[in-house]
Amino acid sequence: MNQEACTIRLELPAHSRFLTLLGITINSLLAQAQMLPDKKAVNAFSSELELAAHEVCMNIIDHAYKDGAAGSIRITLCAQPQDGRIEVVLLDSGQSFDPRALVWPPPASWQVGSQQAAQQYQLTAVPEPSV
């Protein structure tokens, strides 16, 4: 197993036709990091990670760049074999919103910070909803 961290950075136009490149890059990163036992495991995990990253990118395209506004998505992919961690960071400079204004999860569940001069919201402890 490769024990060196591997980081790949992309900046893609905020349009769905470029997301195929993200999927190819995720698969290549996982194969290069050699964190999974075989190609079948790499492909299976890669598919799940691609789906999650694709969904976030589509939300950025649909909401941050409404009405086809021009923009880009900055993507950082980092595989850290020494602790078994894969990190995907997606940043945009489109129209933002404050998730603390949502009814669920409660506003206290959000941790607010900033990264690369951008507002960042991280969902922390979320109580179970009462049904």
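In this predicted model, helix 1 (residues 19-33) and helix 2 (residues 39-64) have axes that come within 9 Å and cross at roughly 145°. As helix 1 passes helix 2, the crossing is right-handed. So who is doing the touching? From helix 1, the contact is made by Leu19, Leu22, Gly23, Ile26, Asn27, Leu30 and Ala31. Helix 2 brings a list that includes Val42, Phe45, Leu49, Ala53, Cys57, Met58 and Ile61, along with Asn43, Ser46, Glu50 and His54. Sort the contact of helix 1 with helix 2 by class and you get twelve nonpolar, five polar and one charged residues.

Now for the sheet. Three strands form an open sheet in the order 1-2-3, with antiparallel pairing. Strand 1 and strand 3 are the edge strands, and each pairs on one side only. Neighbouring strands here are turned by 15° against each other on average, ignoring direction. Strands of a sheet pair through backbone hydrogen bonds, in either a parallel or an antiparallel way.

Here are the two pairings, each with one example of a bridge:

| Strands | Bridges | Direction | One bridge pair |
|---|---|---|---|
| Strand 1 and strand 2 | Eight | Antiparallel | Pro13 and Ser72 |
| Strand 2 and strand 3 | Eight | Antiparallel | Gln80 and Arg85 |

How many residues sit between strand 2 and strand 3 in their hairpin? There are four, and Gly84 in that turn has a positive phi of about 65°.

The helices and the sheet also meet. Helix 2 lies across strand 2 (residues 72-80) and strand 3 (residues 85-92), and helix 2 runs at about 15° to strand 3.

Time to look inside. Which residues have the most contacts within the largest nonpolar core? They are Leu22, Ile26, Ile73 and Ile75, in a core of 24 residues. Strand 1, helix 1, helix 2 and strand 2 are the elements that give two or more residues to this core. The largest share, seven residues, comes from helix 2. As a broader rule, nonpolar side chains in soluble globular proteins tend to be buried together.

Leu22 is a good residue to click on. It belongs to the contact between helix 1 and helix 2, and it is also among the core residues with the most contacts. Leaving out residues up to four places away in sequence, Leu22 touches Leu10, Leu12, Ala53, Cys57, Ile75 and Leu77. Two of those partners, Ala53 and Cys57, are on the helix 2 side of the helix contact.

Methods:
Residues are numbered from 1 along each chain as its sequence is written. This is a predicted model: local features need pLDDT of at least 70, side-chain atom pairs count only at pLDDT 80 or more; totals for chains, interfaces and linings use all residues. Side-chain values use heavy atoms; hydrogens and water are left out. Two strands pair if DSSP finds at least two bridges between them. Axes are lines fitted to C-alpha atoms, for helices over the stretch in contact, and angles run from 0 to 180 degrees between N-to-C directions. Contact means heavy atoms within 4.5 Å. A crossing is left-handed if the near helix is turned anticlockwise from the far one by less than a right angle, and right-handed if clockwise. Ala, Val, Leu, Ile, Met, Phe, Trp, Tyr, Cys and Pro count as nonpolar, Asp, Glu, Lys and Arg as charged, and the others, Gly among them, as polar. A nonpolar core is a set of buried Ala, Val, Leu, Ile, Met, Phe, Trp, Tyr and Cys residues joined through side-chain atoms within 4.5 Å. Buried means under 20% relative accessible area, exposed over 50%, partly exposed in between (1.4 Å probe, protein chains only).
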